[in-house]
Amino acid sequence: VGPQREFQGKRIFIVGSGTSLDDLDLSLLDGQCVWALNASAALFADRPGLFWFFRDTRTISQVLPRLKHWRQIRVVTTVRGLSDLESSTAKSRRAYVYDEKGVVHLRTVAEDAIQLAIRAGAKDVVLVGVDCSAPPGRPYAAALDWKPCAWYDRKDPVPESKACASMLKALRELAPSLGAFPVYSTSASCDAFPFMEYSCAVPGRVAPAV
């Protein structure tokens, strides 16, 4: 992914799957540029033109059946990811493909997304639901509870997840390499970047109480 006109000068919302999403009104993101990571794409199933960002190809079989407008969805993924997606659907779609070896990736696909947003020409990035903590037994937002979790054993809940800690560590290590590029997080548990209230993230919009 290099400079792209549709991203240049825009704020990109990178949406994860964390439990902080339970307290947010995602309809505020209607009309915004959203890159939905992995299963979070299912939260925007009614939204044509979604950017579905994934690296782990296991997400294809889990999420694709839940995307109502999947033929119109734009994809940001690796060469392998696009190949596996095309094999599973036998359809072509608009895609931005990146070399997974060309990005710093220690633990989370959010690392990839931030770096690619910079290359695409974004003005800044706001992380939404990219949590670096998981309440005991709840690795994902309630609406995504159907998703299998490879990094958390729901049958053996722990107060602090080592996987979450490693995600935070990876983002903290990435942050200095971004220079002056602004990245914000609406999740207090992701302190690798400055905190931004979700209600302030979309200019001119006011978040209703939920």
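This is a short tour of the structure above, one selection at a time. Keep in mind that you're looking at a predicted model.

**Stop 1: the main core**

Start by selecting Phe-13, Leu-29, Phe-44, Trp-52, Leu-67 and Val-128. They belong to the largest nonpolar core, which has 37 residues, and these six touch the most other members. Now color the elements that give two or more residues to this core: strands E1 (11–15), E2 (33–37) and E6 (124–128), plus helices H1 (58–63) and H5 (198–201).

There's another core to find, too. Select Cys-33, Leu-37, Ala-113 and Leu-178, which are among the 34 residues of a second, separate core.

**Stop 2: Val-34 on strand E2**

Click on Val-34, which sits in strand E2. Buried or exposed? Val-34 counts as buried, because its relative accessibility is 2% and the cut-off for buried is under 20%. Show what is around Val-34: leaving aside neighbours within four places in sequence, its contacts are Phe-13, Val-15, Leu-29, Phe-44, Arg-47, Leu-50 and Phe-51. You've already picked Phe-13, Leu-29 and Phe-44 as core members.

Want to try the distance tool? Draw a line from the C-alpha of Val-34 to that of Thr-108, and you should get 18 Å for two residues that are 74 apart along the chain.

**Stop 3: Leu-67 and a small hole**

Go back to Leu-67. Setting aside residues up to four places away in sequence, Leu-67 touches Ala-41, Ala-42, Ala-45, Trp-52 and Ile-73.

Leu-67 also helps line a cavity. How many cavities of 30 Å³ or more does a search of the whole structure find? The search finds one, and the volume of the largest cavity is about 30 Å³. To see its walls, select Trp-52, Leu-64, Leu-67, Trp-70, Ile-73, Val-75, Leu-85 and Arg-93. Seven of these lining residues are nonpolar, none is polar and one is charged.

**Stop 4: the largest pocket**

Next, find the largest pocket, with a volume of about 670 Å³. It has 31 lining residues, and you can aim for the centre by selecting the closest ones: Asn-38, Val-109, Tyr-140, Trp-151 and Met-167. Three helices give two or more residues to the lining: H1, H3 (109–120) and H4 (162–174). Color the lining by type and you'll get 15 nonpolar, ten polar and six charged residues.

Stay on Asn-38 for a moment. Asn-38 lies in the loop between E2 and E3. Its phi angle is near 50 degrees, which is a positive value in a residue other than glycine.

**Stop 5: three loop residues**

Move along to Gly-49, in the loop between E2 and strand E3 (51–53). Gly-49 is buried, at 19% relative accessible area. Not counting neighbours within four places in sequence, Gly-49 is in contact with Gln-72 and Arg-74. For a long line across the screen, join the C-alpha atoms of Gly-49 and Pro-176: they are 32 Å apart in space and 127 residues apart in sequence.

Then select Thr-19, in the loop between E1 and E2. Thr-19 is buried as well, with a relative accessible area of 12%. Its contacts, without residues up to four places away in sequence, are Asp-131, Pro-135, Arg-138, Tyr-140 and Ala-141. Tyr-140 should look familiar from the pocket stop.

Your third loop residue is Val-104, between strand E5 (95–98) and H3. Val-104 counts as partly exposed, with 43% relative accessibility. Beyond its neighbours within four places in sequence, Val-104 is in contact with Glu-111, Asp-112, Gln-115 and Leu-174. Glu-173 is 69 residues from Val-104 along the chain, and their C-alpha atoms are 9.9 Å apart.

**Stop 6: the cysteines**

A disulfide is a covalent bond between the sulfur atoms of two cysteines. How many disulfides does the structure hold? Zero!

Select Cys-164, Cys-132 and Cys-190 to check. For Cys-164, the nearest cysteine sulfur is that of Cys-132, 7.1 Å away. Cys-164 is buried, with a relative accessible area of 2%.

Why is Cys-190 not bonded to Cys-132? Cys-132 holds the closest cysteine sulfur to that of Cys-190, but the separation is 3.9 Å, so they are too far apart for a bond; the cut-off is 2.5 Å. Cys-190 counts as buried, at 1% relative accessibility.

How values were computed:
Residues numbered from 1 in each chain as written. Predicted model: local features only at pLDDT ≥ 70, side-chain atom pairs only at ≥ 80, totals over all residues. Heavy atoms only, no water. 1 Å grid on protein atoms, 1.4 Å probe; cavity = no way out; pocket = protein on both sides within 12 Å on 5 of 7 lines; lining within 4 Å. Points joined across faces, edges and corners; volume = space filled by probe spheres on them. Nonpolar A, V, L, I, M, F, W, Y, C, P; charged D, E, K, R; others polar. Core = buried A, V, L, I, M, F, W, Y, C linked by side-chain atoms within 4.5 Å. Buried < 20%, exposed > 50% of the residue type's maximum accessible area, 1.4 Å probe, protein only. Helix = DSSP H or I, 4+ residues; strand = E, 2+ residues; numbered from the N terminus. Contact = heavy atoms within 4.5 Å.
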